[in-house]
Amino acid sequence: MPPLIIPFFIPHSGCPHTCLFCNQRLISGVKQPYPTAEQVLKTVLEWVGRSRRRLVEVAFYGGSFTLLPESLQKYLLDSVQPLIARKIVAGVRISTRPDALNDKILKFLAVNNVKTIEIGVQSLDDEVLSLSGRGHTAVDSLEAIKRVREAGFLVGAQLLPGLPGDTSAKSVSGIKGVIQAGAQIIRIYPAVVLEGTLLAEQFKNGNYKPLTLDEGVKTCAIMLHLSLRAGIPVIRIGLQADDGLSADGAIIAGCWHPAFGELVKAQLFHDLVIKLASGLDDKNAVKLFCNPDRISQVEGHKRSNLMKWKNYGLNIPNLFPDSSLDKNEIRIENLKQKVKSSVVTSYLYEEYNNA
Ligand code: SF4
């Protein structure tokens with residue numbers, strides 16, 4: 001079971017950069033710069049009381065944690081230590097930039113019980129990084145992932161497909177690169193245009209064309225598939241529909257949907273069915289079976305996959321639950337043929353698998 005992550009947002013605190021896409025206050029929905037020790041204690045005890053999960057981590061997200069003054073980092077980390085001593089919390093996770101993780105910083109984090117470091121990689125293409133005003137290179141990210149992992153932390157990578165200059169191929173190559181470098185968890189947040197950002201200005205001037213929802217879903221499905229094949233968990237796909245983002249006018253454009261992650265997972269099942277069906281002699285009277293827990297994902301958002309399959313000439317009016325299938329598997333049958341496969345083990349996107 002994954003850990004219960006109790007997040008505290010420190011939006012934009014400590015960060016001297018102005019990435020094109022970033023409006024941390026909006027993303028986190030938090031206006032207060034950082035939490036007090038009392039708030040940390042109260043919030044953790046409330047969350048723990050509501051959850052049955054035993055492994056708990058406190059996370060400091062938003063901004064660049066390791067660019068905060070060390071005294072403030074220490075203050076925040078100290079607020080968690082009594083909870084760690086009482087074994088209520090197992091450790092701390094933080095998010096930061098790849099160029100803010102030298103050996104001295106890693107030692108400081110280790111002695112303060114930081115266990116997981118999530119790195120804002122965003123892209124492994126230097127042109128995309130430069131156009132997005134990141135101020136670091138792809139090599140900085142790859143070296144940071146290796147260094148953090150070698151220092152004994154669990155290392156995460158955050159990727160942001162759809163930034164200026166990006167392509168689907170570049171995004172896919174980015175996820176391959178972070179996996180190869182040793183990332184153990186991944187987050188994928190397709191670029192959205194938030195009000196108050198430099199990206200919003202570019203968009204309004206006609207100088208930036210964001211990914212459409214359909215393009216974003218397709219690219220993220222390939223990225224998710226490659227992570228699943230590599231056994232690396234993708235712990236989040238798409239920004240959360242919290243108060244900040246749901247405010248009127250907060251999102252101006254871009255690839256966003258409140259159930260974006262579900263759309264991406266549905267796309268995997270869509271593509272797997274098409275792949276399997278291509279081997280069927282007769283596409284009429286096809287029955288589709290999946291694990292009972294996956295029916296809504298396989299059907300797609302508002303049963304959209306059923307409609308898309310129909311347009312492809314595949315008439316699947318209903319799905320059949322089959323508990324003998326694991327959650328990633330499906331089986332399709334017609335009167336003569338029966339084929340089974342999984343969104344993890346099938347070579348779904350061969351052009352990218354072999355690239
Ligand atoms: S480094 Fe992170 S917090 Fe700073 S501007 Fe860029 S995205 Fe925002």
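This report walks through the domains, one sheet and the ligand shell of a predicted model.

Local features need pLDDT of at least 70, side-chain atom pairs count only at pLDDT 80 or more, and totals for chains, interfaces and linings use all residues. Residues are numbered from 1 along each chain as its sequence is written, and side-chain values use heavy atoms, with hydrogens and water left out.

**Two domains**

Let's begin with the overall layout, whose bounds come from an automatic or database domain assignment.

| Domain | Residues | Residues in contact with the other domain |
|---|---|---|
| Domain 1 | 4-258 | 14 residues |
| Domain 2 | 267-353 | 12 residues |

Contact here means heavy atoms within 4.5 Å. The C-alpha centres of the two domains lie 33 Å apart. Together they bury about 1,100 Å², with 63% of it on carbon and sulfur atoms; buried area is the accessible area (1.4 Å probe) that two parts lose on being put together, summed over both.

**A sheet of four strands**

Helices (H or I, at least four residues) and strands (E, at least two) are DSSP runs, numbered from the N terminus. Strands pair if DSSP finds at least two bridges between them. In the order β11-β10-β12-β13, 4 strands form an open sheet with mixed pairing. Because β11 (319-321) and β13 (338-342) each have a single partner strand, one side of each is left without a neighbour in the sheet. Strand β10 (residues 287-290) runs parallel to β11, joined by 3 bridges, and Cys-290 stands opposite Pro-321 in β11.

**Around the ligand**

Which residues come nearest to the ligand? Of the 11 around it (a heavy atom within 4 Å), they are Cys-15, His-17, Cys-19, Cys-22 and Arg-97.
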